[in-house]
Amino acid sequence: MKTTTLSSTRWREAQQRTRFNPVRQLSPESLGRQLDAFHAGDLRAAALTWEAIERRDDVVQSVAAKRKAAAARHGWEILTTEDSPTARRHQEALTAFYRHVTAMNALDENERGGFSLLVRQMLDSIGKRYAVHEIVWRPLSDGTLTAEFRFVPLWFFENRTGRLRFLEQEFAQEGRALEDDGWMVTVGPGVMEACSIAYLYKTLPLRDWLVYCERNGMPGIKGTTDAPPGSPEWEAAREAVESFGAEFHALMGRGTELEAIHLEASGQLPYPQLVERMDRAMVVLWRGADLGTISRGAGVGASLQQEESDLLAESDAQLVSEALQTQVNRPLLRHLFGEEPRAVIEVRAGRTTQPERDLQVYRLAWEMGIPLSEHDFRERFHLAEPTEESAMIGGNG
């Protein structure tokens, strides 16, 4: 198994070369080319644009951080799939692995943490479709293994063959295949494709709105005078007009007179509604139902919003659990024991109604006479097996 890592110098040098603003000249045409290229396997331009939007747009930055944190803050547990010595041995090995796991950013090694950071990095796939980690396996003193997960930005990869490949040279067209058991690829919904379109059609009216405010925030000034042009009286009137500091001013003949020139449009401006519409679209993409689009009566909107958030958190936790199970747990246990996994990792979603709902299912099954596994019941509700030394309460024993 891989125990060495690619040089971090490569990442830092690449970061210096890619320091530009990919959204400065963003237009419908350029964004369309980036999205088409992404689906053709050239991920670089779209990935850089999405990263910049996620950092710089106030709405996206907020909702993206909340979405990732929702699945990362409740921790994890290792569950056995059967009641056997083999399953318990696998459970112990996986528990040791994840207790010692570290995660870091390959571009910024100051970003370093444990399992929670790993989950947030994996959930970058919610926005960008793929999140990639290089896995550096580390032996522990007891003979088991742990690993360091190095998060590598998506623009270091291409997908022209249908499998991500690492680009060893800047602007290379074809990359190197990712080694088995040396990389982990998390695949998510990729909402930044739609979100970047909403961002574009938010920034365009924002720019027009700003220009409108600059031009019409202060009225123009028109001066009129009977003095002939060039005369002292004319110059005095010109200085009076200019002294108002307006961007638009004019001096005209006939009777000295000053009046405001109002250039603002009549009726309601279209910019605020369009900007708000795009902001709400981005919230819905990242966080599910938006309170503004749901009934506002008697807490109904808040209830549905919570339900949507719970569903997304549960889905994200399952996505992370499955990626870890297939790409980390399986090769780890095969290497240690030469066996297929008899234990799994479950990232806790923190769903508010899940325990109550599951308990109702168990109770209904019991009442219907359906046989239930005590082992599964204890695993689900985190009930430890009683020991001879511990006092027992309830039950039939």
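## Phe115 and the nonpolar core

In this predicted model, Phe115 contacts Trp76, Tyr98, Val101, Leu324, Ile345 and Val347, when residues up to four places away in sequence are not counted. Phe115 also belongs to the largest nonpolar core, a set of 75 residues, in which Tyr98, Phe115 and Leu324 touch the most other members. The greatest contribution to this core comes from helix α11 (residues 300-337), which supplies eight residues. In soluble globular proteins, nonpolar side chains tend to be buried together.

## Helix α3

Helix α3 covers residues 44-56, and its 13 residues should span 18 Å at 1.5 Å a residue. The C-alpha atoms at its ends are 18 Å apart, so the model agrees with the expected span.

Buried positions in α3 include the nonpolar residues Ala46, Ala47, Leu48, Trp50, Ala52 and Ile53. Arg44, Thr49 and Glu54 in this helix are buried as well.

## Salt bridges

Side chains of opposite charge can pair when their charged atoms come close. Across the whole structure, a search finds 26 salt bridges. One of them joins Asp124 to Lys68, with the closest N and O atoms 3.1 Å apart. This pair links distant parts of the chain, 56 residues apart: Asp124 sits in the loop between α6 (115-122) and α7 (125-128), whereas Lys68 belongs to helix α4 (residues 58-70). Asp124 and Lys68 are both buried. The two residues are also part of a network of salt bridges that links them with Glu51, Glu54, Arg55 and Lys128. Within this network, Glu54 is one of the buried residues of α3.

Two further pairs involve partly exposed residues. Arg334 and Glu340 form a salt bridge whose closest N and O atoms are 2.8 Å apart. Arg334 has 44% relative accessibility and therefore counts as partly exposed, and Glu340 is partly exposed with a relative accessible area of 36%. In the second pair, the side chains of Glu158 and Arg160 meet at 4.0 Å, N to O. Here Glu158 is buried, because its relative accessible area is 1%, while Arg160, with 32%, is partly exposed.

## Loops on either side of β7

Arg163 is placed in the loop between β6 (157-158) and β7. Its relative accessibility is 62%, so Arg163 counts as exposed. The C-alpha atoms of Arg163 and Val185 are separated by 9.9 Å, and the two residues are 22 residues apart along the chain.

Leu167 occupies the loop between β7 (165-166) and β8 (176-177). With 8% relative accessibility, Leu167 counts as buried, because the limit for that class is under 20%. The C-alpha atom of Leu167 is separated by 5.3 Å from that of Phe157, a residue ten places away along the chain.

## A nonpolar surface patch

Leu364, Trp366, Met368, Ile370 and Leu372 make a nonpolar patch of about 570 Å² on the surface. One of these residues, Met368, lies in the loop between α12 (354-367) and α13 (374-381). Met368 has 58% relative accessibility and therefore counts as exposed.

How values were computed
Residues are numbered from 1 along each chain as its sequence is written. This is a predicted model: local features need pLDDT of at least 70, side-chain atom pairs count only at pLDDT 80 or more; totals for chains, interfaces and linings use all residues. Side-chain values use heavy atoms; hydrogens and water are left out. Patches are made of residues with over 30% relative accessible area and no salt bridge: like charges are joined within 9 Å, nonpolar side chains (Val, Leu, Ile, Met, Phe, Trp, Tyr) within 5 Å. Accessible areas come from the Shrake-Rupley method with a 1.4 Å probe; for residues, only the protein chains shown count as cover. Helices (H or I, at least four residues) and strands (E, at least two) are DSSP runs, numbered from the N terminus. Buried means under 20% relative accessible area, exposed over 50%, partly exposed in between (1.4 Å probe, protein chains only). A nonpolar core is a set of buried Ala, Val, Leu, Ile, Met, Phe, Trp, Tyr and Cys residues joined through side-chain atoms within 4.5 Å. Contact means heavy atoms within 4.5 Å. The expected span of a helix is 1.5 Å times one less than its number of residues.
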